[in-house]
Amino acid sequence: MGSESESPVHILLVSYPAQGHINPLLRLGKCLAAKGSFVIFVTTEKAGKDMRSANNITDKSATPVGDGFLMFEFFEDGLADDDPARASLSDYSAQLELVGKQHVSQMIKNHAGSNTPISCVINNPFLPWVCDVAAEHGIPSALMWIQSSAVFTAYYNYFHKLVRFPSDAEPYIDVQLPSLVLKYNEIPDFLHPFSPYPFLGTLILEQFKNLSKAFCVLVDTYEELERDFIDHVSKFVLMRPVGPLFKNQKATATSNNIRGDFVKSDDCIEWLNSRSPASVVYISFGSIVHLPQEQVDEIAYGLLSSKVSFLWVLKPPLKDMGRAPHVLPDGFFEETSGKGKVVQWSPQEEVLAHPSVACFLTHCGWNSSMEALTLGVPMLTFPAWGDQVTNAKFLVDVFGVGIRLGYSQAENKVVNRDEVKKCLLEATVGPKAEELKQNALKWKKAAEAAVAVGGSSDRHLDEFIADIKKRDAVKF
């Protein structure tokens with residue numbers, strides 16, 4: 001490697017083993033490696049098994065990425081595949097903390113012993129204990145926040161009681177955030193007293209208890225998109241917007257085959273190639289959301305009567321959920337033959353970048369929202385829970401790239417086929433479709449400028465690496 005000063009910084013990334021957590025942290029890892037760092041990406045062996053079978057990756061071997069390297073390392077979570085603890089987020093989180101702390105601590109010791117000391121540890125939410133381990137070893141840590149800056153602001157304000165939020169006594173009050181008021185059903189719904197998943201809110205707030213241990217919060221967003229919220233949060237914590245991470249040219253040019261998908265994608269691109277430009281509605285609800293069967297029926301009938309061309313990702317439910325796979329109405333495939341395609345999983349970035357795609361019916365997860373914004377694709381919003389509800393509000397009312405279609409699952413409403421048809425047509429043809437497209441292209445242009453060399457996100461990434469090196473120098 002040459003002299004000591006030329007040695008790359010070693011950065012340890014520790015990810016919660018869920019698809020929506022692994023993807024942004026792995027993208028960050030590729031960006032840091034592309035800039036010359038040696039990145040070790042760590043998650044559980046169970047997730048690693050899925051990643052190895054779906055992608056061309058091997059663990060414990062360094063792969064060149066840009067000017068640096070990326071390596072995977074997986075650890076056993078200590079549970080059998082059918083252990084009931086896997087179905088309970090609270091039980092599983094406790095188990096993960098128990099074994100994860102030991103593993104991460106041992107890795108840090110091993111690297112110190114082999115003269116490749118870890119210079120920084122980065123975790124995503126759901127693993128608040130990672131910064132405790134880093135602190136015990138005297139190593140700086142950072143948080144990779146995998147949602148928007150606006151959602152971070154909501155959690156921060158809630159945790160520090162800076163503004164009033166809905167409570168059992170006042171469940172329907174509005175929340176005043178910087179430059180924007182959110183209605184009670186537009187806040188991240190894990191923070192609402194009616195939330196069906198209160199433990200998720202508790203788990204995320206654990207990270208805010210530990211926030212002082214992280215020297216920096218990295219976010220997969222860009223200044224031009226969320227400037228008000230980034231400026232607001234930066235009064236309290238160092239926030240660096242470094243996104244859209246998947247669009248980093250140097251990282252993707254050398255590592256596009258390194259992916260964190262748990263499932264092999266079906267081949268959709270050839271089919272999209274056969275469709276006319278801006279004619280296809282892409283439908284996907286991410287890796288976890290499982291719609292009620294009645295809602296799937298209404299979407300199917302809406303597609304039939306609108307006669308739009310579509311690519312629909314209908315993923316089987318996670319095994320732990322104990323739900324039945326969706327079925328489509330009798331005759332659906334015959335009636336949509338040649339016009340639609342249903343798959344179990346798709347290479348989403350490539351799909352959204354395809355010229356035949358006109359709009360995206362989405363659950364509004366932040367990864368999906370960021371990909372569509374960055375690729376200039378208008379959206380039909382269909383949030384289920386958590387930050388998706390807030391993202392939908394922003395996509396429609398703030399960024400101007402979406403039409404509201406669905407509601408959060410807490411509202412327990414089914415969108416009927418007539419509404420589905422109306423929104424599909426509105427988003428694909430006519431003046432509203434054109435307005436959404438122009439707004440989407442504006443955000444696409446801003447995103448590309450942010451990740452270009454010298455752009456706002458590129459500078460933040462450079463400054464983050466410089467911060468690590470400075471902290472490293474102080475130790476010696």
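Start by selecting Lys 393 and Glu 186: their side chains meet in a salt bridge, with N to O at 3.8 Å. Keep in mind as you click around that this is a predicted model. Now add Asp 397 and Arg 404 to the selection, and you have a network of salt bridges linking Glu 186, Lys 393, Asp 397 and Arg 404.

Next, colour by domain. Domain 1 takes 10-260 + 452-474, while domain 2 takes 268-447. Between their C-alpha centres you should get 26 Å. For the contact itself, select 34 residues from domain 1 and 30 residues from domain 2. Together the two domains bury about 2,900 Å² between them, and carbon and sulfur atoms give 61% of that area. Want to see where domain 1 gives up the most area to domain 2? Show Tyr 222, Leu 225 and Phe 246, which together account for 19% of what that side buries. Polar links are there too: the interface of domain 1 and domain 2 has 4 salt bridges, and 9 residue pairs are in polar contact across it.

Stay on the domain 1 side and switch to cartoon. The elements that each supply at least two residues to the surface touching domain 2 are α1 (19-34), α5 (149-159), β8 (180-182) and α7 (223-233). Of these, α1 brings the largest share, 5 residues. Colour that side by class and you get 18 nonpolar, 7 polar and 9 charged residues.

Now zoom in on Thr 153, which sits in helix α5. Is Thr 153 buried or exposed? Its relative accessible area is 1%, so Thr 153 is buried. Show what is around Thr 153: leaving aside residues up to four places away in sequence, Thr 153 touches Leu 177, Pro 178, Phe 229, His 232 and Val 233. Draw a C-alpha to C-alpha distance from Thr 153 to Val 233 and it reads 6.4 Å, although the two are 80 residues apart in sequence.

Jump to helix α13, residues 366-375. Here 10 of its 10 residues are buried, among them Trp 366, Met 370, Glu 371 and Leu 375. Step just past the end of α13 and check the backbone of Gly 376, where phi is positive, about 75°.

Last, a round of salt bridges; the count comes to 22. Three are worth a click.

- Glu 45 and Arg 52: their side chains meet at 2.4 Å, N to O. Glu 45 is buried at 18% relative accessibility, whereas Arg 52 is partly exposed at 26%.
- Asp 132 and Lys 213: the closest N and O atoms of this salt bridge are 2.5 Å apart. Asp 132 belongs to helix α4 (residues 130-136) and Lys 213 to the loop between α6 (198-209) and β9 (214-219), so the pair ties together parts that are 81 residues apart in sequence. Asp 132 is buried, with a relative accessible area of 18%, while Lys 213 is partly exposed at 41%.
- Glu 435 and Lys 432: here the closest N and O atoms of the salt bridge are 3.8 Å apart. Both residues lie in helix α16 (residues 431-451), 3 residues apart, about one turn of the helix. Glu 435 is partly exposed at 41% relative accessibility, and Lys 432 is partly exposed as well, at 29%.

Notes:
Residues are numbered from 1 along each chain as its sequence is written. This is a predicted model: local features need pLDDT of at least 70, side-chain atom pairs count only at pLDDT 80 or more; totals for chains, interfaces and linings use all residues. Side-chain values use heavy atoms; hydrogens and water are left out. Domain bounds come from an automatic or database domain assignment. Contact means heavy atoms within 4.5 Å. Buried area is the accessible area (1.4 Å probe) that two parts lose on being put together, summed over both. A polar contact is a pair of N or O atoms within 3.5 Å; within protein, one must be able to donate a hydrogen and the other to accept it, and residues adjacent in sequence count only if both atoms are side-chain atoms. Helices (H or I, at least four residues) and strands (E, at least two) are DSSP runs, numbered from the N terminus. Ala, Val, Leu, Ile, Met, Phe, Trp, Tyr, Cys and Pro count as nonpolar, Asp, Glu, Lys and Arg as charged, and the others, Gly among them, as polar. Buried means under 20% relative accessible area, exposed over 50%, partly exposed in between (1.4 Å probe, protein chains only).
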